[in-house]
Amino acid sequence: MALQIHAPPDEVIEKLRAAIESALPCDALDVRGSGGHFEIRVSSRAFAGKNTLAKQRLVFSAIAHLMKGDGAPVHAIDKLETLAPG
């Protein structure tokens with residue numbers, strides 16, 4: 001097994017935030033984690049009228065490029081909360 005060197009958690013968190021914010025209009029966004037495992041809580045008007053699976057798909061499609069390949073900086077999203085404001 002090859003040694004994998006991961007980007008610092010703050011750098012990966014910023015990449016996750018940027019990817020989500022560029023894909024969705026976010027009213028609130030919180031990203032936490034390290035070691036390739038992260039938790040995301042996002043509130044977006046894009047979620048209005050959508051079921052849980054549809055909301056999660058929007059988020060995962062925004063961050064998919066950070067989860068692809070053997071050296072991906074994101075291995076898992078341990079918790080994902082998707083909220084519609086108001």
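Start by selecting T82, which you'll find in strand β3. Helices and strands here are DSSP runs (H or I over at least four residues for a helix, E over at least two for a strand), numbered from the N terminus. This is a predicted model, where local features need pLDDT of at least 70 and side-chain atom pairs count only at pLDDT 80 or more, while totals for chains, interfaces and linings use all residues. Residues are numbered from 1 along each chain as its sequence is written, and side-chain values use heavy atoms, with hydrogens and water left out.

**Around T82**

Is T82 buried or exposed? T82 is buried, because its relative accessible area is 9%; buried means under 20%, exposed means over 50%, and partly exposed is in between, with a 1.4 Å probe and protein chains only. Now show its surroundings: setting aside neighbours within four places in sequence, T82 touches V42, F47, K55, Q56 and V59. A contact here means heavy atoms within 4.5 Å.

**Hop to V59**

Pick V59 from that list. V59 sits in helix α2. V59 and T82 are 23 residues apart in sequence, and their C-alpha atoms are 8.4 Å apart in space. With a relative accessible area of 1%, V59 is buried. Which residues does V59 contact, leaving aside those within four places in sequence? They are I20, L24, I40, V42, F47, L80 and T82.

**The sheet**

Switch to cartoon and select the strands. There are 3 of them in an open sheet, ordered β1-β2-β3, with mixed pairing; two strands pair if DSSP finds at least two bridges between them. β1 and β3 are at the edges with a single partner strand each, so one side of each has no neighbour in the sheet. On average, neighbouring strands are turned by 10 degrees against each other, direction ignored. For angles, axes are lines fitted to C-alpha atoms (for helices, over the stretch in contact), and values run from 0 to 180 degrees between N-to-C directions.

Next, bring up the helices on this sheet. Helix α1, residues 9-23, packs on the sheet and touches β1 and β2, with its direction at about 155 degrees to that of β1. α2 also packs on the sheet, touching β2 and β3, and its direction makes about 130 degrees with that of β3.

**Strand by strand**

Select residues 26-34 and 37-44: these are β1 and β2, antiparallel and joined by 8 bridges. Click L29 and you'll see V42 of β2 opposite. Do the same with G33, and F38 in β2 is the residue standing opposite. At the turn, the hairpin of β1 and β2 has 2 residues between the strands, and G35 takes a positive phi near 60 degrees there.

Now add residues 76-83, strand β3: 7 bridges join β2 and β3, which run parallel. E39 has K79 as its bridge partner in β3. Follow the backbone from β2 through helix α2 (residues 52-63) to β3, and you trace a right-handed β-α-β crossover. To check the hand yourself, point the strands away from you: right-handed means that the path from the first strand over the helix to the second runs clockwise.

**A stop at D30**

Go back to strand β1 and select D30. D30 is partly exposed, since its relative accessible area is 30%. Leaving out neighbours within four places in sequence, D30 contacts R17, E39, I40 and R41. Draw a distance to R17: the two residues are 13 apart along the chain, and their C-alpha atoms are separated by 8.0 Å.

**Zoom out**

Finally, show the whole chain. How many helices and strands does the chain have? The secondary structure comes to 2 helices and 3 strands, and along the sequence the pattern reads α-β-β-α-β. The radius of gyration is 13 Å, close to the 12 Å of the globule rule for 86 residues, so the chain is as compact as a globular protein of that length. That radius is taken over C-alpha atoms, and the rule is 2.2 Å times the number of residues to the power 0.38. Along the principal axes, the C-alpha atoms fill a box of roughly 45 × 20 × 20 Å. Colour by burial, and buried residues make up 30% of the 86.
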